[in-house]
Every structure is written in structure tokens, then in C-alpha cells.
Amino acid sequence: MCYSSRIVKRMLKDTLTAVEMNRGEYGEFVLRSGAVARIELISTSARVIRTTLQRLKVEEDAARTDYCFNCVLRINGREHTLEREVSTQRSFYEPWEIDGLHIWFDAVEDIFDFLAEAHGECRPRKHARFAIQDATLGICPEPLHPWCPLPEGGLKIENCYRGEDCWLGAYNGASAHGGLDINHPRGTPLWAPIDIDDHFFFNSLAMGHNNNRWRGIHRWPNGAEWILQAHHMTELTVGEHEPIAKGRQFARGAGVLSGAVDHSHFVFKIHDLGETISLDPWILFRQMYREGSGPELLVQR
Ligand SMILES: [Zn+2]
């Protein structure tokens with residue numbers, strides 16, 4: 001491997017930076033202050049905490065597997081161990097704040113030692129995946145409108161389908177869940193969290209698929225694109241390809257192929273510098289809870 005291929009160098013933008021790294025690679029991230037934070041991925045690992053499965057990677061109806069994963073990062077010469085837990089309530093985590101950075105530790109490839117990738121695209125293409133931002137900045141330069149009515153008091157893992165389908169949660173105990181499910185009744189309004197420049201169903205009942213799957217795209221002036229997806233929607237309420245202003249209802253959620261519990265399935269990807277990287281939609285929902293919601297948008301439970 002040539003020396004330069006081991007370096008990811010990024011000027012941090014006013015929107016979140018998604019990055020994947022192999023062990024031994026390092027990234028240099030330029031903060032607003034001009035300081036450079038150097039991050040090297042030293043190691044990664046993952047392990048099952050508990051499972052009800054007879055055999056790993058073999059789905060059983062309503063089975064449950066909880067796991068944890070970690071990495072060691074050397075940041076500006078000092079080592080830090082980051083550890084996450086999925087699919088417990090701790091799946092809804094806070095970013096680490098280290099040396100002027102916010103670091104979201106999204107995934108490690110090691111989880112696919114015991115999970116299948118059979119429930120949506122979510123496997124990192126390198127050993128670990130992160131989202132990084134200057135700690136003085138938000139994940140984007142404007143408030144986000146709630147994507148759907150926000151459950152009061154925060155997201156609860158028990159309201160993610162059958163209590164497991166957060167981002168990378170183990171669907172039926174065995175398959176990494178490539179999205180975040182939020183249970184709500186058929187027809188629940190979905191609103192645009194940000195202005196949507198283009199949108200369409202990439203799968204639909206009308207086209208002969210078994211589900212309605214929507215994709216909306218927002219292009220930031222800095223060149224990054226945010227790709228938002230919602231699946232299981234009952235219907236669109238704004239015509240395909242028509243721009244949608246932030247806050248406008250664009251669909252009725254849940255209800256189509258939504259299984260044992262009606263829910264919407266949310267997906268978040270960032271496309272920038274020729275790469276598309278999937279991230280935990282919780283990053284968006286956390287921001288909506290922090291700054292984008294009015295009490296009228298909260299659902300009583
Ligand atoms: Zn789902």
C-alpha cells in the first residue's frame with residue numbers, strides 16, 4: 001500500500017463529514033480554528049453480549065441479539081477507546097468530544113463476524129466508520145425539522161419495530177438492520193427535515209415492488225449531498241421530483257409491508273467527494289430533538 005493511500009485529509013465543512021478507515025490508516029481533519037487533528041485507527045473489535053439464537057447469522061422470528069463494538073483511536077498522539085452498544089437503549093448515543101472534534105463512532109466491520117448483511121445496505125467498506133465534525137459546529141448549518149412526530153422523551157429502543165431495529169440492530173437476531181425503525185400508526189405524517197431538491201420512489205407498489213421506498217436529496221452549498229430515505233410509506237403527498245420545502249408534509253408513513261408493528265424505516269447517507277457513506281439516522285433525530293422540535297410536534301405516549 002502506498003503511503004498516500006493511508007491518509008484521509010479533510011477540511012471540516014459546515015456539515016458532518018463521514019469517513020471510513022482501515023486499521024493503520026489515519027486521517028487529518030482541519031478545524032475552523034486552523035488546528036489539525038490527526039486520528040489513527042489502531043484497532044477494532046466486536047462481541048455478542050447476549051443472544052437468543054440457536055445459530056448466529058440464522059434469523060429466527062423475534063429473536064434478539066445485543067452486541068458491543070469498540071475501537072482504539074490515537075488522536076493527536078493520545079489513545080482513546082470508544083465503545084458502543086446495540087440494540088439496547090444505549091444505541092441512542094452521544095458523540096465523543098475529543099480535541100475539538102465531535103466523533104460519532106458508527107460501525108466496525110467486525111460486527112459482520114456474527115451478523116448477516118441481509119436487511120439493507122449498512123456494512124462499512126473499511127474496518128470502521130465514523131462521522132466527524134468540528135465540536136463548535138452543528139451537524140449542518142441550519143435547524144432540522146422533525147422527520148415525523150417525535151416520540152416524547154426521546155427515542156426508545158422498544159419502539160424500534162420489535163425492540164431491535166435501530167441502526168445496525170440485529171433484525172430477527174441475525175441481520176444488521178440497515179435503517180432506523182420508528183413505530184407509529186399507518187398514515188403518520190412525514191415532514192421534510194430540510195429542503196428537498198429532488199425526490200422519488202425508487203421502489204413502489206405501483207412499479208411492482210413489495211414496498212414503497214422513498215429517496216429525497218438535499219444538496220448543500222459546500223458540495224455534500226444528504227440522501228434521506230423512508231420506507232413502508234402509505235403514500236406520497238407531494239409529486240415526485242417536485243421540490244419540498246423544509247417542514248412540509250411529503251408523505252403518510254408506515255403501513256406498507258411494515259410487518260408485525262406499523263413503523264417507518266429511515267435511512268441517512270452522505271454523498272461527498274465521489275463516495276456515498278451510510279450513517280445512523282439517529283444522528284439526525286438527536287439533532288431534531290435538540291433544536292428542531294416544537295411541543296406541538298411531540299407525540300404523547
Ligand atoms: Zn426497518
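Biologist: Looking at this predicted model, what does F130 touch?
Modeller: Leaving out residues up to four places away in sequence, F130 touches V19, I103, W104, F105 and D106.

Biologist: Which residues touch the most other members in the largest nonpolar core?
Modeller: I111, F130, A131, I132 and I283 do, in a core of 69 residues.

Biologist: And which element gives the largest share of that core?
Modeller: Strand 8, with 6 residues.

Biologist: Which domains does the core draw on?
Modeller: At least three of its residues come from each of domain 1 (3-134) and domain 2 (150-299).

Biologist: Why would nonpolar side chains be together like that?
Modeller: As a general tendency, nonpolar side chains in soluble globular proteins are buried together.

Biologist: Switching to the domains. How many Å separate the centres of domain 1 and domain 2?
Modeller: Taken over C-alpha atoms, the centres of domain 1 and domain 2 are 22 Å apart.

Biologist: How many residues does each domain put into the contact?
Modeller: Domain 1 gives 39 residues and domain 2 gives 28 residues.

Biologist: On the domain 1 side, which strands supply at least two residues each?
Modeller: Strand 2 (17-21), strand 8 (101-108), strand 9 (116-119) and strand 10 (128-134) do, on the side that touches domain 2.

Biologist: Which one has the largest share there?
Modeller: Strand 9, which supplies 4 residues of the side of domain 1 that touches domain 2.

Biologist: How do the residues on that side divide into nonpolar, polar and charged?
Modeller: The side of domain 1 that touches domain 2 has 17 nonpolar, 10 polar and 12 charged residues.

Definitions and conventions: Residues numbered from 1 in each chain as written. Predicted model: local features only at pLDDT ≥ 70, side-chain atom pairs only at ≥ 80, totals over all residues. Domains from an automatic or database assignment. Contact = placed C-beta atoms within 7 Å. Nonpolar A, V, L, I, M, F, W, Y, C, P; charged D, E, K, R; others polar. Core = buried A, V, L, I, M, F, W, Y, C linked by C-beta atoms within 7 Å. Buried ≥ 20, exposed ≤ 12 C-beta atoms within 10 Å, placed from the backbone.
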